[in-house]
Amino acid sequence: RSIMALQETQSSVDGVPHVMFIPSAGMGHLLPFFRVIAALSYHGGVEVSVVTVLPTVSAAEADHFTELFAKFPGIRRVDFHLLPFDAAAEFPGHDPFLLRWEALRRSAHLLGPLITGVSAVITDVTLASHVIPICKDIHVPCHVLFVSCATMLSLVAYFPVHLDNNQKKKAATGGVGDVDIPGVRCIAQSWLPQPLLDLEKLFTKQLIDNGREITKADGFLVNTFDALEPVALAALRDGKVVPGFPPVYAIGPLKSHTSSTSNDNDDKPAAAGSPVACWLDEQPVKSVVYVAFGNRNAVTHEQIREIAAGLESSGCRFLWVLKTTTVDRDDAAELADVLGDGFLDRVQGRGLVTKAWVDQEALLKHPGVGLFLSHSGWNSVTAAAGVPLLAWPGGGDHRVNATVVVSGKSYNCLELLSIFLKGFANDCT
Ligand code: UDP
Ligand code: UDP
């Protein structure tokens, strides 16, 4: 429907609308962009270009860009060169993906000439405060593809208002406090993304900046659906969260590019043939706990050992997709060293651990998988494919996402869940 509206209202000179995507960095942000870009390209009738910054931070990002452009040769790659930014000196020890967002923001004023003449821009929330004003200046509609849940969008939009209200009340005891999002829910301080408790943090400054500016976007595309987040979506659309909030389109759950480009039955595991899928083929139906905490290290090495101990004593079959570094290019560790002496031998046959990039969505559709232990990154949640999900939220938006997971909970895995949790209860604090 949005494409048709665009075709009617935003035709460029030759009659074909031109949509320019301006994504940011990190697989959790890029994957949803690639999915929408693939769906739009597959649909046709629209010229698509993608602002691309090379080299990417991680190898996974580079591989996925290459795959996208190979699969859709009609997409125009618009190379964007960042201004020099001595991130290490200015923000020592910061997350490299956050620094890439900062570098993009500082170079964003150079985007104007690239955007001029396109019919519409779709950008990431991390760049919103810089890209929206440029689009306004040259009268190009700007939508935000929001990669997390609608509840998180309501928090991002309301957080600056909450801080302003605190300021007005001159909240003496200080602290950010619980955030009571009008019409949505009250998010306890301990369930907020924890960097938000420190207003001096780069992440927090960016999020507040973006949160203030997003009310000027022309609309939001969110990877969610009405049945999953009816309350948050209604509150955003009714202007309860922030009066006059732009239109919000629930376009999820987004499909991987493989399923959006083929007529395959969605239930068919597309990872068939990979070594991990072959191992899964040998396991009884719904017997395996799939353990994954996103595309980079979400837990400490000490926690990895604890999780290993829990998996071992649970007696369950498991497939653990383990990331041990923030950036995949830095990962030189041997699994045996990370997991501790003898672990892999002791679980051989019933447990498989891999550090490789896997096609998670396809694997989750495998009949052998019975439970998903996840950090509750939003892309993981929305692709759980009906597999019961046990949320173990960590940083970022994970706790907010977990509140959404709980609101749509399923109890059809009690047996596997109880055996599994017993292993953890015995061995983990
Ligand atoms: N992913 C994958 N294979 C991997 C690691 C990650 O397919 O080996 C995908 C996963 O399916 C999800 C995304 O990477 O779509 C990670 O995004 P999410 O929001 O779940 O977590 P984040 O990594 O951003 O914390
Ligand atoms: N976010 C935002 N504005 C910003 C930065 C982040 O709205 O300027 C939101 C966005 O929803 C993102 C979430 O905060 O998904 C968590 O950030 P991040 O991607 O770092 O989390 P992670 O990769 O750990 O899931």
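Student: Which residues touch the most other members of the largest nonpolar core?

Tutor: This is a predicted model. In it, Ile-37, Val-121, Val-131 and Tyr-290 touch the most other members of that core, which holds 117 residues. Helix α2 gives the largest share, 9 residues.

Student: What makes Ile-37 a residue that touches Phe-21?

Tutor: Contact needs C-beta atoms within 7 Å. Ile-37 touches Phe-21, and also Val-48, Val-50, Leu-68 and Ile-75. Residues up to four places away in sequence are not counted there.

Student: Why are β12 and β14 called edge strands?

Tutor: Each pairs on one side only. The order of the open sheet is β12-β11-β10-β13-β14, so these two stand at its ends. The pairing is parallel. On average, neighbouring strands are turned by 15 degrees against each other, direction ignored.

Student: How do you know that β10 and β11 pair?

Tutor: Pairing takes at least two bridges. Strands β10 (residues 288–292) and β11 (residues 317–321) have 5 bridges, in the parallel sense, so they count as paired. Ala-292 stands opposite Val-321 in β11.

Student: Now the ligand. Which residues come nearest to ligand 1?

Tutor: Of the 17 residues around ligand 1, Gly-28, Gly-294, Gly-377, Asn-379 and Ser-380 come nearest. The elements that give two or more residues to this shell are α2 (27–43), α16 (360–364) and α17 (378–382).

Student: How do the shell residues divide into nonpolar, polar and charged?

Tutor: There are 7 nonpolar, 7 polar and 3 charged residues around ligand 1. Glycine counts as polar here, so Gly-28 belongs with the polar ones.

Notes: Residues numbered from 1 in each chain as written. Chains lettered and ligands numbered in written order. Predicted model: local features only at pLDDT ≥ 70, side-chain atom pairs only at ≥ 80, totals over all residues. Near = placed C-beta within 6 Å. Helix = DSSP H or I, 4+ residues; strand = E, 2+ residues; numbered from the N terminus. Core = buried A, V, L, I, M, F, W, Y, C linked by C-beta atoms within 7 Å. Buried ≥ 20, exposed ≤ 12 C-beta atoms within 10 Å, placed from the backbone. Contact = placed C-beta atoms within 7 Å. Axes fitted to C-alpha atoms, helices over the stretch in contact; angles between N-to-C directions.
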